[in-house]
Amino acid sequence: MTQIKNICCIGAGYVGGPTMAVIAQKAPGIKVTVVDINEKRIAAWNDADLSKLPVYEPGLDAVVGEARGRNLFFSTQVDEAIAEADMIFISVNTPTKTYGIGKGMAADLKWIELCARQIARVSTTDKIVVEKSTLPVRTAEALKSILENTGNGVKFQILSNPEFLAEGTAVEDLHAPDRVLIGGDPDTEEGKAAIQALVDVYAHWVPQENILTTNVWSSELSKLTANAFLAQRVSSINALSELCEKTGADVNEVAKAIGQDSRIGPKFLKASVGFGGSCFQKDILNLVYIAQSFGLKEVADYWEQVIIMNDHQKRRFAENIVRTLYNTVSGKKIAMLGWAFKKDTNDTRESAAIYVADYLLNERAEVVVYDPKVSKEQILADLDYLGTRSEAENRDLITVVNSAYEATEEAHAVAVMTEWDEFVALDWDQIYNAMLKPAFLFDGRRLLDKEALKAKGFEFYAIGS
Ligand code: NAD
Ligand code: UGA
């Protein structure tokens with residue numbers, strides 16, 4: 001029986017940081033070291049001021065505060081941490097490829113392969129290597145081939161243990177996961193022992209019946225499938241939101257009516273300006289690519305439609321702003337409330353706000369942004385990354401401010417992009433009074449009370465009604 005005493009996690013990002021912090025909190029007998037090549041990020045994880053952690057997640061400061069320095073460590077000493085670990089989680093980024101074969105669709109496994117080569121080079125004792133990153137089905141095969149060709153006699157077992165946490169609720173999700181999924185090789189004694197070793201880590205706090213074990217390929221494919229199904233629900237309800245706007249139906253009422261059917265269920269039926277985040281789009285594109293590479297055209301087309309619908313939803317929200325403002329927003333001040341891809345996170349990757357802002361900037365609007373957790377540098381970096389215009393132009397056209405009141409003062413229109421709780425509690429009378437009239441309000445999240453805001457005088461538009 002292998003009992004894990006020392007864990008190393010490569011990648012101190014949105015997954016590696018919170019996941020390892022919770023393992024360290026719940027299993028105080030295991031030393032957990034999270035390593036990263038990004039020195040700034042590691043320094044932020046080690047900051048004495050817990051409000052400066054690089055990842056904003058409700059409750060994470062308390063978990064890190066409890067375990068850090070006891071059995072949780074953040075370090076840039078990657079080789080040392082790998083060498084002394086019994087179990088190594090790989091939790092590095094796996095973004096969509098931006099070059100070469102599979103450009104724009106396949107997952108870029110460059111960082112995964114670098115990790116495997118580094119583990120192979122540094123290891124002198126047997127290790128269990130755990131895929132925590134989201135990976136295309138059959139990646140474990142490539143990892144195995146790299147790890148097993150070192151010629152130094154070190155034995156590796158490879159497990160797949162995809163992460164299902166959602167940002168904004170990461171700590172909650174990690175403390176009480178619907179399930180933990182562990183894929184391994186059930187046909188060998190070593191494979192079974194490795195699976196059991198990881199089961200034992202989670203068993204410190206997760207009930208046994210919530211820990212599922214499968215073969216490696218099922219585990220890898222289940223992660224992509226789970227994200228595809230979740231995103232599909234959002235695109236399905238968003239598709240209906242447009243039909244609701246044409247027919248007088250209300251998408252919230254439709255969602256409630258269908259969600260009460262226990263076979264459909266009430267969750268993930270919130271119409272929005274479009275899903276964002278670092279994973280839904282990338283993982284579906286990856287699924288589409290895999291299906292295409294097996295020649296499964298209909299399967300690929302089916303899933304690609306989820307992305308096509310999402311792009312349409314973002315675009316039509318922006319188009320509607322321009323159309324409503326008498327077909328021009330040139331020189332008009334548009335206040336965007338929220339930039340993060342959802343509430344309770346500082347993550348902006350693939351946020352719908354980026355694309356809506358880009359569209360409005362192309363129409364020469366003066367865009368003013370306020371988000372409670374996202375910095376000006378991040379907002380500008382997100383726009384620069386699109387490459388639509390020069391960095392100088394972006395800095396000229398967009399303003400980032402520190403409060404919703406400042407953003408909306410003398411604005412022609414307000415667009416709610418992220419469902420932050422604080423936007424509900426704003427003094428909307430004050431905002432109305434300070435705006436130009438007619439005061440247009442576009443709710444991309446179905447966050448605000450339509451009737452109450454119309455009564456205050458706003459020209460109100462909400463997705464799906
Ligand atoms: P991230 O970009 O926040 O973090 C990845 C980190 O890995 C970065 O800090 C980077 O510097 C580091 N890194 C890359 N190569 C390295 C190397 N060779 N050595 C050391 N450090 C290295 O990414 P993330 O959001 O944490 O996602 C990680 C993986 O988890 C992805 O595959 C993603 O699909 C998956 N995932 C993400 C979420 C989520 O909510 N963000 C949820 C489930 C699964
Ligand atoms: C998602 C999944 O929920 C996680 O299970 C998964 O681990 C993760 O992806 C991942 O692999 O990265 P996350 O992207 O953090 O988590 O956040 P979600 O809550 O899923 O929201 C994704 C996007 O969909 C957000 O922009 C959100 O606003 C949008 N959304 C979600 C809707 O528009 N409507 C909904 O009903 C739900």
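Biologist: How are angles between helix axes classed here?

Modeller: Angles under 35 degrees count as roughly parallel, over 145 as roughly antiparallel, 65 to 115 as roughly perpendicular, and the rest as oblique. This is a predicted model, in which local features need pLDDT of at least 70 and side-chain atom pairs count only at pLDDT 80 or more, while totals for chains, interfaces and linings use all residues. Residues are numbered from 1 along each chain as its sequence is written.

Biologist: Why are H9 and H12 called oblique to each other?

Modeller: The axes of H9 (residues 216-247) and H12 (residues 297-324), lines fitted to C-alpha atoms over the stretch in contact with angles from 0 to 180 degrees between N-to-C directions, cross at roughly 45° and come within 9 Å. That angle falls in none of the three named ranges, and the pair is therefore oblique.

Biologist: Which residues of H9 and H12 meet?

Modeller: With contact set at C-beta atoms, placed from the backbone, within 7 Å, H9 residues including Ala228, Ser235 and Glu242 meet H12 residues including Trp303, Asn310 and Arg316.

Biologist: What makes Leu50 partly exposed rather than buried or exposed?

Modeller: A residue is buried if 20 or more other C-beta atoms lie within 10 Å of its own, exposed if 12 or fewer, and partly exposed in between; Leu50 has 13, and is therefore partly exposed. Leu50 is found in the loop between helix H2 (39-45) and helix H3 (60-67), helices being DSSP runs (H or I) of at least four residues, numbered from the N terminus.

Biologist: Which residues does Leu50 touch?

Modeller: Leaving out residues up to four places away in sequence, Leu50 touches Asp61, Val64 and Gly65.

Note on methods
Chains lettered and ligands numbered in written order. Helix = DSSP H or I, 4+ residues; strand = E, 2+ residues; numbered from the N terminus. Contact = placed C-beta atoms within 7 Å.
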